[in-house]
Every structure is written in structure tokens, then in C-alpha cells.
Amino acid sequence: MEISPALELGKRLIRSILDFDSLDSINQLINAESAPLWYQDPEEGGISALHAAAFAENFELVKLLITKGAMWNAIDSLNNTAADIALSMNNAKIYEHVRNAGIRSEMLLTLLSTKSSLNDTESTMILKSEDDTAAGSSDEYLSSKLTFKTDEYGQDICVVNAGEDEVGVMMGWEKEIMEETVRRLTEDHDNLQEGLKVLNIGFGLGIIDSLFQALDTPPSLHVIIEAHPDVLAHMRIQGWYDKSNVRIVEGKWQDVMSSEDVAGVGGFDVVYTDTFSEDYMALKEFFDLVPDLLSGPESRFSFFNGLGATNLTFYDVYTRLSDLHLSDVGLEVGWSDVDNPLNDERRKERWGKTREYFTAPVYRLPIARMALM
Ligand SMILES: C[S@@+](CC[C@H](N)C(=O)[O-])C[C@H]1O[C@@H](n2cnc3c(N)ncnc32)[C@H](O)[C@@H]1O
């Protein structure tokens with residue numbers, strides 16, 4: 001097939017890098033001939049020049065390409081970024097260089113998109129979800145029908161249809177992550193004996209809420225914010241509305257934070273959020289509210305750290321971005337690794353027919369507190 005001269009140059013650049021040509025001749029293609037750095041060669045598995053430089057383990061060239069504007073988050077046909085390739089080759093130096101370029105670029109994009117005039121900037125490639133099915137669009141999700149069922153492997157799941165796929169809103173296998181989260185949120189908490197004041201956003205299967213209720217001393221107050229009508233109906237059938245220490249706030253968290261049941265409480269001992277179909281910008285918006293939701297230095301905050309978890313580099317970038325943004329609002333995060341319970345042979349069984357959304361080998365669990373001055 002005939003391709004344009006510009007694409008031909010892009011192809012030559014990738015070939016030249018893979019052939020270990022000298023930095024001078026590669027520079028010639030980039031600087032004098034303006035070979036396009038964005039080009040991804042379908043005949044080479046969809047790799048870009050940056051991928052090729054990671055394959056060739058050419059650190060100087062990786063640095064040069066990043067300086068010249070190569071896209072750190074381009075993925076090849078196997079869904080790998082250049083950083084993933086460096087990681088698979090155990091090249092920490094290249095991995096960190098590309099990943100750090102990602103963190104810088106996403107920090108900048110978050111900053112730009114919070115300025116009102118640039119609110120809808122198209123360039124937020126990771127931060128903004130481009131999926132307008134129920135899995136990526138909050139409005140679409142909230143008006144979709146949910147199904148609660150036990151799958152063919154005996155696992156409780158709550159699913160929604162997103163385009164052709166069935167996507168898990170919450171799946172039973174996540175229980176181990178929720179258990180560890182509750183343990184770390186409550187262990188040795190100063191107010192544990194008198195009953196914690198807990199705020200949870202997103203009920204799903206009610207796994208984390210059931211764990212809070214099952215504490216030796218149940219919460220003195222347990223506020224749950226939930227937006228989906230089918231989940232609320234499910235909660236009613238299960239008797240959550242009848243529990244004396246539980247208050248259910250119906251609606252999107254974005255709309256109810258100033259309500260008496262949330263702002264009127266005067267601060268919580270534990271705050272957790274785990275919503276669905278929301279992107280990083282929404283999470284960042286929530287982070288900004290957290291200091292006002294906590295009652296004091298003993299209070300703890302956590303969130304389901306699942307964004308980007310189908311790609312190691314993206315997961316790392318999101319995790320570090322969260323850490324930086326939480327520190328901007330005065331919160332210090334302790335991270336711990338929990339083995340992904342899907343690493344074993346049960347993996348295929350656990351996903352059943354649903355779309356996989358968490359494939360990282362470890363879950364990076366955050367526990368944040370007000371940083372001491
Ligand atoms: C992944 S599930 C939560 C699972 C829960 N952590 C558990 O342990 O079962 C996400 C929940 O958040 C709800 N949700 C999504 N967007 C929301 C929003 N903007 N405000 C409040 N709830 C929301 C969904 O309807 C769903 O019930």
C-alpha cells in the first residue's frame with residue numbers, strides 16, 4: 001500500500017531506531033527531515049519511535065524523543081506504552097523517565113482543565129474518559145438498568161451493559177481488597193471503641209458497608225451516598241433503610257455534599273469513596289473536599305484505586321498523581337500493596353463474561369490522613 005512521504009519518514013525513523021543506527025543519523029531524520037514522532041507503524045505492531053527507543057534500550061534517544069514531544073502514553077497493538085516495554089526489559093531508568101514525563105504532563109493537564117476557560121480541553125488523554133457507554137459516562141450509567149446476580153462461579157456481581165460488553169459495577173472477588181481497606185481504615189483508630197462516624201460513597205454490592213457494620217463496635221453513624229435507583233431499590237429490599245445507625249443519602253455525591261446528613265455531621269472518622277464510570281477529574285474533585293469531611297488528625301480517608309489498572313504504567317501514573325494531588329490538599333498517603341486476588345488460575349473464572357477492568361498484579365491501597373505541620 002502506498003503511504004504519504006511523511007508517514008514513510010515515520011516508518012524509516014522507527015526502522016532506523018530498531019536497527020541501532022547512530023544517534024547522528026536518527027537525529028538527522030528527526031531534526032532535518034522532520035520525521036513525525038506520533039507515527040505508529042501498523043507493520044511493526046503499532047509501535048512509535050518512543051517504543052522503538054525503549055526496545056533498543058537507548059536512554060539518550062528516549063530523553064531526546066520526550067523533549068521533542070513524543071507521546072508518552074501511545075499504546076501499541078498489544079496495549080503497551082513505551083514505559084511498559086522498558087519495564088518488561090527491566091530497564092528502570094527508561095521506565096522512570098517515560099513515566100515521569102507522564103506524571104508531569106497529566107499534572108499540567110489537570111491544572112489546565114481546572115481553569116474554567118479550558119474546562120473541556122480535549123487533550124486530557126488519560127484523565128478524561130473517552131468512553132460514552134455506561135462504563136465511561138456517569139449520566140449514561142445512572143440511567144442504565146443494573147442486574148444483581150450470582151454468576152456461574154457462585155460469585156455475587158452487579159453488572160451493567162456497556163455497548164457490546166457486560167461490565168461489572170462491583171464483583172464479589174473485590175471482597176479481599178475491601179477487607180484489607182476496612183482493616184487499615186479502622187485498626188487502632190482512637191474512636192473505634194465508641195463507634196466510628198463513617199462516610200461511604202457508592203454502595204455497589206454493599207461489601208464495604210457490611211464490613212463496617214460488622215466491626216466489633218458498629219459505627220455510631222454510617223452515612224452512605226448512592227446515586228443509582230436500582231442500587232437504592234436493592235438496599236431497601238436488603239433492609240439498609242431500617243438500620244438505626246445508617247443514613248442513606250440518595251443522589252450523586254456531587255449534589256449532596258452540603259446536605260445536613262453530610263456537612264451537618266461536623267466531620268467523619270472514616271471516609272471512603274468507590275464510585276463507577278467516573279474519571280480522574282471527578283476523583284480529584286472529591287480529593288479537594290476531603291479535608292472538610294474529616295473530623296481531625298486521627299481521621300482516615302481511602303478510595304478505590306482502580307483507575308488505569310489495565311496497564312502498569314497508567315496505574316503507576318494515576319497512583320502517583322493521586323499522591324501528589326492529595327498532598328496538595330494537606331493529606332499524607334501511606335500506600336500498601338495487596339496481591340490482586342485474580343493472579344491465580346481462578347482469574348478467567350472470576351471475570352466470567354464481563355470486561356476485565358483490573359489486571360495489575362497488585363492493588364495499591366491508599367490510606368490518607370491530615371499531614372502534621
Ligand atoms: C464499585 S460500586 C461500590 C462498591 C462498594 N465499595 C462495595 O464494597 O460493594 C460503585 C457504586 O457507586 C455508585 N455511584 C456511581 N456514581 C456515583 C455518584 N456520582 N454518586 C454516588 N454514587 C455513585 C454506583 O451506583 C455503585 O453503586
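This is a short dialogue about reading the features of a predicted model.

Trainee: Happy to start with the big picture! Which domains does the domain assignment give for this protein?

Mentor: Welcome! The assignment gives domain 1 as residues 5-99 and domain 2 as residues 150-370. Taken over C-alpha atoms, the centres of domain 1 and domain 2 are separated by 38 Å.

Trainee: How many residues does each domain bring to the contact?

Mentor: Domain 1 brings six residues and domain 2 brings five residues. On the side of domain 1 that touches domain 2, helix H5 (residues 82-88) gives the most, with three residues. By class, that side of domain 1 has two nonpolar, two polar and two charged residues.

Trainee: Which residues does the UniProt annotation "repeat: ANK" cover?

Mentor: According to the unreviewed UniProt entry, that annotation covers residues 45-77. In the model, the end C-alpha atoms of residues 45-77 lie 5 Å apart, and the span is 48% helix and 0% strand.

Trainee: Let's turn to strands. How do strands of a sheet pair?

Mentor: The general idea is that strands pair through backbone hydrogen bonds, in either a parallel or an antiparallel way. Here, one open sheet is formed by three strands in the order E1-E2-E3, with antiparallel pairing.

Trainee: Why is one side of E1 and of E3 left without a neighbour in the sheet?

Mentor: Strand E1 (147-150) and strand E3 (165-171) stand at the edges and each has a single partner strand, so one side of each lacks a neighbour in the sheet. From one strand to the next, the twist averages 40°.

Trainee: How many bridges join E1 to E2, and which residues stand opposite Phe 148 and Thr 147 in E2?

Mentor: Four bridges join E1 to strand E2 (residues 156-162). Phe 148 stands opposite Cys 158, while Thr 147 stands opposite Val 159. E1 and E2 form a hairpin with five residues between them, and Gly 154 in the turn has a positive phi of about 80°.

Trainee: And in which sense do E5 and E6 pair, parallel or antiparallel?

Mentor: Strand E5 (residues 221-226) and strand E6 (residues 246-250) pair in the parallel sense, over five bridges. Val 223 stands opposite Arg 247 in E6. To get from E5 to E6, the chain crosses through helix H10 (residues 229-237).

Trainee: What is the handedness of that β-α-β crossover, right-handed or left-handed?

Mentor: The β-α-β crossover from E5 through H10 to E6 is right-handed.

Key: Residues numbered from 1 in each chain as written. Predicted model: local features only at pLDDT ≥ 70, side-chain atom pairs only at ≥ 80, totals over all residues. Pairing = 2+ DSSP bridges. Helix = DSSP H or I, 4+ residues; strand = E, 2+ residues; numbered from the N terminus. Right-handed = clockwise from strand over helix to strand, strands pointing away. UniProt positions renumbered as here; feature names shortened; annotations may be inferred. Domains from an automatic or database assignment. Contact = placed C-beta atoms within 7 Å. Nonpolar A, V, L, I, M, F, W, Y, C, P; charged D, E, K, R; others polar. Axes fitted to C-alpha atoms, helices over the stretch in contact; angles between N-to-C directions.
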